Amino acid sequence: MSRPALTRPFRSDRLDLPRTEPQRWKLRTDKVGRLNWVYIRDDDELRRHPQTPYEKYVLGLETGLPELPKAKTPYDGALNGLRFFKELQLDEGLWACRYGGPMFLLIGVVAAHYVTRTPMREEWKVEIIRYLTNTAHPLDGGWGLHSEDKSTVFGTACNYVVIRLLGMPADHPVAVAARVTLHKFGGAVGCPQWGKLFLSVLNLYEWDGVNPIPPDIWVLPDWLPFHPSKWWIHCRQVYLPMGYLYSEKVKAPLDPLLESLRSEIYTSPYDTIDFAKHRNNISEIDIYYPHTTILDFVNSAMVMWEKFIRPDWLKQKAREVVLDLIHKENHNTDYLCVGPINNALNAIVVYCEEGANSKNFLRHKERFADFMYMSEEGMLMMGTNGVQCWDTSFALQTICEIGAGDMPEFQETVKKGLKFLDNSQFTENCVTGSYRDNRLGCWPFSTKDQGYTVSDCTAEAMKAVLMVQKLPYIETLVSDERIYPAIDVLLNLQNRANFSPGSFASYEKIRGTPLLELINPAEVFGNIMVEYPYVECSDSVVIGLSYFRDHSSYRRDEVVRAIHDAVAYIKSEQDVNGGWYGSWGICFTYAAMFAIEALSYQGEVYSNSEVVRRGCHFLVKRQEADGGWGESYRSCETLTYVPHEQTQVVNTAWACLALMLAEYPDVDVIKRGIHLIMSRQQPNGEWKQEGIEGVFNRSCMIEYPNYKFYFPIKALGMFARKYSNIPVS
């Protein structure tokens, strides 16, 4: 069953668990948006640097922000929302957020600390235990793949190990409940591959029970269609260090705590388990992407290859190639890596090769903090080092689109946001031989340091920069000459030939055939092996290029052609019901907003486009009785629209924006949605957190808490400017 919503007081409080003083947490950042939560023990320092409204807000403290005059009209509501949201902007110009949700991340950083004998900060231990206590399923005590998921073996086994390694005794009620649930599922032998790997590194599972992850494949010629350079970037960067750890059979030294854990997470004595027989044992409750016959054959063949055929020189060569690529990844990302999983795994590899005092390992240790985020419920781990550039781009666009950019009270907000985007643009390409595309001139999802550009992130940031720099009081910080390289990259990212021509994927152009999904080994994720075409990425690039087309003549013919071909792809992806599947947000309402906005930039609206009409009808049919829309994360898993138990402000904003951009003729439909958004707004201008908003790889949900600000603000402001700024009821 899905996890019910959090209730207060938190379970950690009811159980009287230790906690830190929330008033002592400070969020430190820099000009490129690094986010580090620091616990301040010095009272004088706290007096000199009091907590900001943002810090108080995410920690559940009283912000001190005033109640605002009750909004009577949509534009009043938009400005009230913006007045609250601007107070959450950090001094460096960005908006931060807790990019949480996945429940398999903490095992990585905890394992990295434990294997490398790196002491973890005491305040982290306390607050991680609080977070896991508060996010455990209230009915069975387990954890799932993500924070709203049912309990699974993967989530429960990994997080049980985490709380025990961080100091929770085995007889604590939280640990007992989780252990009972894990045993009910058959114990940790039913973990998917990633769980088995982390347990093996911690000496809590045997390596011969892990399906092969041979580094040898990296030695093959990179022109081969199945070479890892053709894989999706997250897949290849995660399996790169996994291959090293698997090949070298890296294990933490066995100690009394690990000995105890061996007896706790299985239903049989550890020494009696034939781990090799459990390579393909994945709990039914976990499995999302079952093994294919081809994968099982390949795995069996690789076991034979490793045991009886592979020469030692090839193993050593593979080790050298893998280590070289790991060092390049570390260099290209300043040791952040593409995400927290390969960050932790790369750190373990560097420790194994260079030791605890090496410069490279010490830098990895510094970067662990970039993924840790303090919240009211405790300390979580984010899916990347944040969402800084993405959120800031949409925030600035929203301010401009609702006409607030000219208002004196928001001018400093806009100036600081532009400065952050100026600082965030990439100024160099990656190291040669990294299997990375050009990034010069582009923008990241999170920070410049993290080093990865995404097609839609560059397009939306570019649009934000161009919009802001049209304001009369704004100094041009990002010249057209600096934007031209971003256009070059975007044009080069468009898929051609056999791979969904006209579309855009995420990080790179599609390099490999989707047939590689036949050997997807992860078991809990879909569509991880190669890049795929994405409606939302294609939509954002169309929007960004369309805005640039109207701004500059640079490569005009190619820009126009790229837009035309991407629009054709977007239209082709509309399903028979009129909807578009969203791969990065939940789900059909999210994709509809982007798709219809992209089409509207080409002059296609309800009155002249059958595609837009069908998209509008899809949304209108799913409006609920209270005027809102509510879509469940189950839509992402099932690829069909699944209503949420209650309407959601964010889904409602997306649907209203789509209908307004389409110029849908029945304004009453939109007005009812606008009324719902206004009815949920709080006296200080904010909206409360509701359901989770984002997704990746179809099965894992992830949080975008700032969506509840800038999308509702944009919907209210657009309604007022497009129709009339009169009270709605």
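The lining of the second largest cavity splits evenly by type, into 6 nonpolar, 6 polar and 6 charged residues (nonpolar means Ala, Val, Leu, Ile, Met, Phe, Trp, Tyr, Cys and Pro; charged means Asp, Glu, Lys and Arg; the others, Gly among them, are polar). This is a predicted model, with local features needing pLDDT of at least 70 and side-chain atom pairs pLDDT 80 or more, while totals for linings use all residues. Numbering starts from 1 along each chain, and side-chain values use heavy atoms, leaving out hydrogens and water.

That second largest cavity holds about 140 Å³ (the space filled by probe spheres set on grid points joined across faces, edges and corners). A cavity is a set of points on a 1 Å grid over the protein atoms alone where a 1.4 Å probe fits but cannot get out, and lining residues have an atom within 4 Å of a point. Nearest its centre sit Q648, V650, G691, I692 and E693. Helix α25 gives the largest share of this lining, 4 residues (helices are DSSP H or I runs of at least four residues, strands E runs of at least two, numbered from the N terminus).

The whole structure has 10 cavities of 30 Å³ or more. The largest cavity takes up about 570 Å³, and W232, H234, Y507, W584 and F696 are the closest to its centre among 37 lining residues. Those residues come out as 27 nonpolar, 8 polar and 2 charged. Elements supplying at least two of them include α10 (233-248), α20 (535-549) and β7 (694-696).

Notes. 1 Å grid on protein atoms, 1.4 Å probe; cavity = no way out; pocket = protein on both sides within 12 Å on 5 of 7 lines; lining within 4 Å.
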